[in-house]
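Biologist: I would like a close look at a single part of this model. Please keep to what the atoms support, and give the cut-offs.

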Amino acid sequence: MERLETGDLVRWITDYRVFEAQEDGEVFPVDAVWAYGIILEVSPNDPMSVVLVRLDTKTHQILHMIHDGFELVSKANGD
């Protein structure tokens, strides 16, 4: 895993537009709704916890990479 840094762009799933059911009754999500954010600060105690600004709502959020399932889209330095 790459080290998270201030200015990195991340995304995470906030909802699903569609759910499909199979004949056996199993339901699974399709067509994810993604939120995007720019990292403002990375926790010195847990490098997977970040404070970010969400781009669509312009609000601050605290997310954890594993618990909230966000992924790195691009690095601030262009790598």
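Biologist: What is the relative accessible area of Tyr36, and in which strand is its place? Please build outward from there.

Modeller: Tyr36 counts as partly exposed because its relative accessible area is 32%. That class lies between buried, under 20%, and exposed, over 50%, with a 1.4 Å probe and protein chains only. This is a predicted model: local features need pLDDT of at least 70, side-chain atom pairs count only at pLDDT 80 or more, and totals for chains, interfaces and linings use all residues. Residues are numbered from 1 along each chain as its sequence is written, and side-chain values use heavy atoms, leaving out hydrogens and water.

Tyr36 joins Leu55 and Val73 in a nonpolar surface patch of about 230 Å². Patch members have over 30% relative accessible area and no salt bridge; nonpolar side chains (Val, Leu, Ile, Met, Phe, Trp, Tyr) are joined within 5 Å. A salt bridge puts a side-chain nitrogen of Lys or Arg within 4 Å of a carboxyl oxygen of Asp or Glu. Areas are Shrake-Rupley values with a 1.4 Å probe.

Tyr36 sits in strand β2, which spans residues 27–42. Strands are DSSP runs of E, at least two residues, numbered from the N terminus. β2 runs antiparallel to β3, with 5 bridges between them. Two strands pair if DSSP finds at least two bridges. One bridge links Ile38 to Val53 in β3. The two strands form a hairpin with 6 residues between them.

β3 (residues 49–54) also pairs with β4, antiparallel, over 5 bridges. There Val50 has Leu63 of β4 as its bridge partner. This second hairpin has 5 residues between its strands, and Lys58 in the turn has a positive phi of about 60°.

Now the whole sheet. It is open, with 5 strands in the order β4-β3-β2-β1-β5 and antiparallel pairing. β4 (60–64) and β5 (71–74) are the edges, each pairing on one side only. Twist averages 50° from one strand to the next; axes are lines fitted to C-alpha atoms, and angles run from 0 to 180 degrees between N-to-C directions.

Trp12 touches Tyr36. Trp12 lies in β1 (residues 9–21) and counts as buried because its relative accessibility is 4%. Its contacts (heavy atoms within 4.5 Å) also include Val33, Leu52, Leu63 and Phe70. Trp12 and Val33 are 21 residues apart in sequence but 8.4 Å apart in space, C-alpha to C-alpha.

How values were computed: Helix = DSSP H or I, 4+ residues; strand = E, 2+ residues; numbered from the N terminus. Patch = residues over 30% accessible without salt bridge, like charges linked within 9 Å, V, L, I, M, F, W, Y side chains within 5 Å. Lists of a residue's contacts leave out its neighbours within four places in sequence.
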